[in-house]
Amino acid sequence: FRSNRLAMLSAVILLLIILMAIFQPMFSRYDYDTNDLFNTNQGPSMEHLFGTDSLGRDIFTRCWEGARVSLSIAFVVAILNGTIGILYGGIAGYFGGLADNLMMRFCELIASIPQMLWVVLLILIMDPGVLPIIVAIAVTGWIGMARLFRGQVFQLKETEFVMASRTMGAGSLWVIIKHLLPNAMSPIIISMANAIPGAIFSEAFLSYIGLGIPLPMASWGALASDGADVLLTYPYQLLFPALLICITMLCFNLMGDGLRDALDPRMRQ
């Protein structure tokens, strides 16, 4: 992984973004939700690096507060997708037969409806907030992980070390956790790394269309939505949050490619 310069550069940039999201709002002299009607729509300057919005709020601070929300949602969604997908796909692939057929038909039933339609319907049912967004995105996001892990289990469950473990009396759960999961971890890590930018985009899209987090909370999607309303007069209000979204998604994708090259023996050859 270290030999992949793009992946390493992406990892460094992501680390800087995460550190800024954690510490910048803590030490900023501006609050992300404090209005200053005497300094509305100010352009970028030394006092306000990204300028101010229509309520006089510092966009630089709001961008990093929004990074907290967007990245937190993305990481939690990726973890939930991985956990649910591993459990569901592991059970389906290990037991096979009727259980596998029923479980995979259920996945196909959910996948037959576009994911964003599921997400929008669930958000409309629940009250706006961080938790509803996480639930809505994670409800269908695990299907790809389940299919991936199921395929890995099908390949591994007939290997000699798995059969030896079963012969010595190991239970199904022990075999899945102790033998199948570690040997299938490489594609899982890659898939989770690639799921994070998808979750960031989903949250940004929901906030952009007004179904995201409630005001006055900030997220990258909410900031982009506010900036789009004044694009022709104050383009910088859209430029900076959109740029952060693009850079973060690009870095996660490049890092995912680097992990794939590093963890997949066939790619190393």
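1. Helices here are DSSP runs of H or I with at least four residues, and strands are runs of E with at least two, both numbered from the N terminus. On that basis the protein chain of this predicted model holds eleven helices and zero strands, so that, read from the N terminus on, its elements follow the order α-α-α-α-α-α-α-α-α-α-α.

2. As for overall dimensions, the C-alpha trace of the protein chain spans about 75 × 45 × 30 Å along its principal axes. The chain has 269 residues, of which 43% count as buried, and among its contacts with a separation of 6 or more, 69% are made by residues that lie 24 or more positions apart.

3. Turning to the surface, the protein chain exposes about 14,200 Å², and 68% of this area is supplied by carbon and sulfur atoms. The chain carries 15 positive and 18 negative charges, and the mean positions of these two sets are 14 Å apart.

4. Which residues of helix H4, residues 115-125, are buried? They are Val119, Val120 and Ile123, and because they cover an arc of only 95° around the axis, they fall on the same side of H4. In general, an α-helix has 3.6 residues a turn, so residues three or four places apart point the same way.

5. It remains to say what this side of H4 meets in the model: the buried residues of H4 pack against helix H5, which covers 130-156, and against helix H8, which covers 185-208.

Note on methods. Residues are numbered from 1 along each chain as its sequence is written. This is a predicted model: local features need pLDDT of at least 70, side-chain atom pairs count only at pLDDT 80 or more; totals for chains, interfaces and linings use all residues. Side-chain values use heavy atoms; hydrogens and water are left out. Buried means under 20% relative accessible area, exposed over 50%, partly exposed in between (1.4 Å probe, protein chains only). Contact means heavy atoms within 4.5 Å. Accessible areas come from the Shrake-Rupley method with a 1.4 Å probe; for residues, only the protein chains shown count as cover. Lys and Arg count as positive and Asp and Glu as negative; His and the chain ends are not counted. The place of a charge is taken as NZ of Lys, CZ of Arg, CG of Asp or CD of Glu. The arc is that of the directions from the helix axis to the C-beta atoms.
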